[in-house]
Amino acid sequence: MARSVGFPFTEFPMASGSGAHGGAVTLGRWLLAAVFIVAGALRLWAALRGVPTSDTTLAFSLAQLLVGVLIVAGWQLRWTALAAVVLVLVDAVLSHPFWAVRAAARTGQMLQFLQQLGLAGGFLLLSAMAPRR
């Protein structure tokens with residue numbers, strides 16, 4: 001039987017095969033993970049093709065790829081999703097410092113930063129909804 005998380009006005013089944021909500025949770029998990037898998041894989045592929053890449057970027061990209069694959073697999077989902085939150089927040093702060101750029105670039109960097117915060121929120125929800133074992 002699927003464990004449910006009670007929300008106002010609804011029950012939200014956690015098992016991926018449990019009705020429409022379970023399918024939505026699975027699809028949402030895959031979509032969130034896709035961001036990590038694609039971004040990590042593209043940077044690693046570019047590095048393999050000779051694009052100059054720092055060791056930090058390589059390590060971060062490998063971590064993204066690994067966490068994305070683990071989330072798709074559903075392995076230790078509560079902790080893996082929390083690791084994704086940390087990765088997204090670190091990336092947001094390091095890659096999109098809107099507070100430190102010229103006015104012309106500030107809006108674009110702020111939008112990217114806010115998108116990263118939205119991803120972190122999605123991963124945080126995923127962690128909160130993951131079954132406790």
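Me: Before we look at helix α3, what makes a residue "buried" here?

Reply: Buried means under 20% relative accessible area, while over 50% is exposed and anything in between is partly exposed. This is a predicted model, and in α3 the buried residues are L77, R78, T80, A81, A84, V85, L87, V88, D91 and A92.

Me: How do you know that V85 belongs with the buried residues?

Reply: V85 has 11% relative accessibility. The cut-off for buried is under 20%, so V85 counts as buried. V85 sits in helix α3 and, neighbours within four places in sequence aside, touches A120, F123 and L124. V85 and G122 are also 8.5 Å apart, C-alpha to C-alpha, although 37 residues separate them in sequence.

Me: Why is Q64 called buried?

Reply: Q64 comes out at 5% relative accessibility, and buried is under 20%, so the label fits. Q64 is placed in helix α2. Its contacts, leaving aside neighbours within four places in sequence, are F36, I37, A39, G40, R43 and L87.

Me: And Q76, why does it count as partly exposed?

Reply: Q76 has 42% relative accessibility. Partly exposed is the range between the 20% and 50% cut-offs, so Q76 counts as partly exposed. Q76 is found in the loop between α2 and α3.

Me: What is notable about the phi of Q76?

Reply: Phi of Q76 is near 45°, which is positive, and Q76 is not a glycine. For background, most residues other than glycine have a negative phi.

Me: Let's turn to helix pairs. Why is α3 called roughly antiparallel to α4?

Reply: The axes of α3 (residues 77-95) and α4 (residues 103-129) cross at roughly 170° and come within 8 Å. Angles over 145 degrees count as roughly antiparallel, and that makes α3 roughly antiparallel to α4.

Me: Which residues meet where α3 packs on α4?

Reply: On the α3 side they include L77, A81, V85, V88 and A92, and on the α4 side they include F113, A120, F123 and L126. By class, this contact has 17 nonpolar, four polar and two charged residues.

Me: How do you know that the length of each helix fits what is expected?

Reply: Helix α4 has 27 residues and spans 39 Å from its first C-alpha to its last, close to the expected 39 Å. Helix α3, with 19 residues, reaches 26 Å, close to the 27 Å expected. Both expectations use 1.5 Å a residue.

Me: What makes a group of residues a nonpolar core, and which residues have the most contacts inside the largest one?

Reply: The members must be buried nonpolar residues joined through side-chain atoms within 4.5 Å. The largest such core has 17 residues, and those with the most contacts inside it are F36, V67, I71, A84, V88, F123 and L126. Helices α1 (19-48), α2 (55-73), α3 and α4 each supply at least two residues of this core, with α3 giving the most, six residues.

Me: What does L126 touch?

Reply: Apart from neighbours within four places in sequence, L126 is in contact with R29, L32, I71, L77 and A81. L126 is among the buried residues of α4, which also include F113, F123 and M129.

Me: Finally, what is the overall pattern of the chain?

Reply: Along the sequence the pattern is β-β-α-α-α-α, with four helices and two strands. Buried residues make up 32% of the 133 residues.

Key. Residues are numbered from 1 along each chain as its sequence is written. This is a predicted model: local features need pLDDT of at least 70, side-chain atom pairs count only at pLDDT 80 or more; totals for chains, interfaces and linings use all residues. Side-chain values use heavy atoms; hydrogens and water are left out. Axes are lines fitted to C-alpha atoms, for helices over the stretch in contact, and angles run from 0 to 180 degrees between N-to-C directions. Angles under 35 degrees count as roughly parallel, over 145 as roughly antiparallel, 65 to 115 as roughly perpendicular and the rest as oblique. Contact means heavy atoms within 4.5 Å. Ala, Val, Leu, Ile, Met, Phe, Trp, Tyr, Cys and Pro count as nonpolar, Asp, Glu, Lys and Arg as charged, and the others, Gly among them, as polar. Buried means under 20% relative accessible area, exposed over 50%, partly exposed in between (1.4 Å probe, protein chains only). The expected span of a helix is 1.5 Å times one less than its number of residues.
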